[in-house]
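Trainee: I should like to examine how the terms used for a structure are justified. May I put my questions to you with the model in view?

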Amino acid sequence: MTEQWFPNVDWEKMWEATVQTLYMTSISVIITFILGILLGLLLFLTSKGQLWENKAVYGVTAIIVNVFRSIPFIILIVLLIPFTKAVVGTIIGENAALPALIIGAAPFYARMVEIALREIDKGVIEAARAMGASTGTIIRKVLLPESMPALVSGITVTAIALVGYTAMAGVIGAGGLGNLAYLDGFQRSRNDVTMMATIIILIIVFIIQFIGDTATRKLDKR
Amino acid sequence: MILIEQAKKIFQTKNGPVTAVSDINLSVQEGEIFGMIGYSGAGKSTLIRMLNGLETPTEGSVTVAGRAVSKIKGGELRKARQEIGMIFQHFNLLWSRTVRGNIAFPLEIAGVSKEERDKRVNELIELVGLDGRGDSYPSQLSGGQKQRVGIARALANNPKVLLCDEATSALDPQTTDSILELLVDINQRLGLTIVLITHEMHVIRKICHRVAVMEAGKIVELGPVLDVFRRPEQPITKRFVQQVTEPDESKETIQHLLEAHPNGKIVKLTFVGVSAEQPVITELIRQFDVAVNILQGKISQTQNGAYGTLYVHLTGDTSEVNKAVAFLDAQQVDSEVGAYD
């Protein structure tokens with residue numbers, strides 16, 4: 001049946017592209033998660049009325065986050081070419097896509113982290129302070145565990161966005177399903193290849209959504 | 001145990017500086033249950049937060065268990081806070097942790113080993129009467145049970161002082177009483193000093209030894225609970241005392257009776273401590289030729305003894321009624337006639 005519906009699909013290439021997409025997505029999700037939490041914590045803690053209240057640090061961080069969040073991803077990749085070349089050594093291939101993916105997604109996620117942290121009951125933080133907890137303890141044992149469901153649902157949304165970004169990155173030479181759909185599908189007018197790449201991307205998105213939803217539900221004891 | 005001298009707190013707001021509390025001088029003895037009552041905005045929250053350094057006084061000093069809480073900072077302050085437990089109106093438990101996890105939290109902060117933590121948590125669960133609920137999450141508990149977890153958590157590091165911030169204000173009357181009983185039990189068993197703030201006179205009456213009444217950032221009245229109940233001086237204190245002694249309808253009832261019986265006198269008797277248990281009314285009827293009609297009365301128990309008021313309507317020959325009133329004055333009951341005759 002696959003022969004009939006997808007006559008032009010080279011399954012070996014399709015599998016290779018899928019692995020590349022999964023690789024780009026998972027590495028960038030992991031680094032975005034860590035970087036986003038650090039940035040989000042900085043935004044939260046330096047904001048008004050919080051433990052490290054600091055107008056200057058908050059202002060500068062907020063501007064950087066907003067700028068990088070606002071640049072359209074396809075333009076960000078182009079802007080980052082010199083940076084990518086310096087860091088990765090090349091501008092072609094999966095690894096070359098990572099800096100742009102992370103720099104595009106981390107500020108986006110940082111804002112979600114900040115919102116998640118704001119949702120924490122102020123009284124709980126006060127209780128921890130009253131017990132003699134240091135700021136480090138409050139971060140590790142109160143802020144992160146108490147906001148974990150929101151942090152996980154936020155990274156789920158970000159991960160899905162990142163799958164989309166990898167496809168865009170693919171068009172300008174990063175490999176993966178986007179690259180395959182563009183070069184093999186669009187440019188050679190093989191619609192079945194584009195269709196198959198789309199189906200695989202959809203399956204990846206559904207799986208990410210399912211994992212994210214399940215984890216959020218398990219973590220939320222409220 | 002606690003000494004506050006000349007404490008003052010000014011908050012800088014957009015609309016200029018606001019004085020939250022001022023001229024606070026206060027000392028609380030070891031083992032005492034000390035209550036602070038006031039309406040919201042009276043400054044009692046600010047004051048109780050000064051006791052564990054969550055607020056720093058703008059002027060003056062605060063000493064708790066020998067440490068100048070208002071002066072120390074950083075690690076030293078965190079260490080001092082481990083000796084001061086605190087419970088809250090909205091419990092402030094971590095929903096992500098079980099009952100055991102919540103109680104273990106302050107022990108983790110204090111660096112207690114896993115083995116000792118488990119042992120201590122078991123003791124505390126038993127102390128607050130939560131046997132069998134150790135592995136529940138806060139969302140599975142009732143309000144009263146949540147506050148029990150809060151109390152266990154506050155006691156984990158064997159504090160010298162327990163601060164209660166409106167600890168029963170979010171609970172129904174029955175649960176409030178059971179939590180108050182638990183606090184008295186802990187006070188007696190562990191000799192723990194307790195400072196609580198509330199807007200309910202019922203809480204003060206039930207468990208406090210001494211009370212401070214706060215209004216507009218100042219302590220306007222302070223003394224043993226029974227004395228304050230007997231002779232409230234400030235209008236605000238009188239209002240609070242009325243919360244527990246006079247139901248709203250009593251004034252109407254008296255008005256109604258006055259209209260129905262224009263002759264005779266209505267007397268308010270106040271019984272304090274020992275006199276509350278004496279048969280004053282029996283004596284009154286035996287010695288004088290008057291008819292006594294009891295209009296309304298209430299006796300409440302406080303930590304230092306019983307306290308009660310009784311409204312009676314005396315009728316009969318005028319001279320006999322006057323003699324009866326004189327008799328009541330001579331007894332250990334305070335009588336007040338003026339307002340109602």
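The exchange below takes the chains, their contact, the core and the strands in turn.

Trainee: What kind of model is this, and what limits apply to its features?
Mentor: This is a predicted model, in which local features need pLDDT of at least 70, side-chain atom pairs count only at pLDDT 80 or more, and totals for chains, interfaces and linings use all residues. Residues are numbered from 1 along each chain as its sequence is written, while chains are lettered from A and ligands numbered from 1 in the order in which they are written.

Trainee: What makes the secondary structure of chain A helical?
Mentor: Helices (H or I, at least four residues) and strands (E, at least two) are DSSP runs, numbered from the N terminus. By that rule chain A has 10 helices and 0 strands. The C-alpha trace of chain A spans about 70 × 40 × 25 Å along its principal axes.

Trainee: Where does the record place transmembrane regions in chain A, and how far can that be trusted?
Mentor: An unreviewed UniProt entry annotates residues 20-45, 57-81, 87-110, 150-173 and 193-212 of chain A as "transmembrane region". UniProt positions are given in the numbering used here, feature names are shortened, and annotations may be inferred rather than shown by experiment. In the model, residues 20-45 of chain A are 100% helix and 0% strand, with end C-alpha atoms 37 Å apart. Residues 57-81 of chain A are 88% helix and 0% strand, and there the end C-alpha atoms are 28 Å apart.

Trainee: How do you know which residues form the contact of chain A with chain B?
Mentor: Two residues are in contact if their C-beta atoms, placed from the backbone, lie within 7 Å. On that criterion the contact takes 19 residues from chain A and 18 residues from chain B. Helix H7 (122-130) and helix H8 (135-174) of chain A are the elements that give two or more residues to the side of chain A that touches chain B.

Trainee: What is the make-up of that side of chain A by class?
Mentor: The side of chain A that touches chain B has 8 nonpolar, 4 polar and 7 charged residues. Here Ala, Val, Leu, Ile, Met, Phe, Trp, Tyr, Cys and Pro count as nonpolar, Asp, Glu, Lys and Arg as charged, and the others, Gly among them, as polar.

Trainee: Which residues of H7(A) are called buried, and what covers them?
Mentor: A residue is buried if 20 or more other C-beta atoms lie within 10 Å of its own, exposed if 12 or fewer, and partly exposed in between; C-beta atoms are placed from the backbone. In H7(A), the residues that count as buried are Val124(A), Ala127(A), Ala128(A), Arg129(A) and Ala130(A). Their cover includes H8 of chain A together with helix H2 (74-81) and E6 of chain B. Just after H7(A), Gly132(A) takes a positive phi of about 95°.

Trainee: Why is strand E6 of chain B described as largely enclosed?
Mentor: Of the 5 residues of strand E6 (residues 84-88) of chain B, 5 are buried, so E6(B) is largely enclosed by the rest of the structure. Ile84(B), Met86(B) and Phe88(B) point one way from E6(B), and Gly85(B) and Ile87(B) the other way.

Trainee: What makes E6(B) and strand E7 of chain B a pair?
Mentor: Two strands pair if DSSP finds at least two bridges between them. E6(B) and strand E7 (residues 161-165) of chain B run parallel and are joined by 5 bridges, and the rule is therefore met. Gly85(B) stands opposite Leu162(B) in E7(B).

Trainee: Which strands of the open sheet of chain B are edges, and why?
Mentor: The sheet has 4 strands in the order E2-E1-E4-E5 (chain B), with antiparallel pairing. Strand E2 (16-28) and strand E5 (67-68) of chain B each have a single partner strand, so one side of each is left without a neighbour in the sheet. Strand E4 (residues 59-64) of chain B pairs with E5(B) over 2 bridges, and Val64(B) stands opposite Arg67(B).

Trainee: How is chain B divided into domains?
Mentor: Domain bounds come from an automatic or database domain assignment, and chain B is divided into domain 1 (2-243) and domain 2 (249-340). Their centres, taken over C-alpha atoms, are separated by 39 Å. The contact between them involves 10 residues of domain 1 of chain B and 9 residues of domain 2 of chain B.

Trainee: What is meant by the largest nonpolar core, and why is it said to lie between the domains?
Mentor: A nonpolar core is a set of buried Ala, Val, Leu, Ile, Met, Phe, Trp, Tyr and Cys residues joined through C-beta atoms within 7 Å. The largest has 146 residues, and Leu101(A) and Leu51(B) are among those that touch the most other members. Domain 1 and domain 2 of chain B both give residues to this core, so it lies between them.
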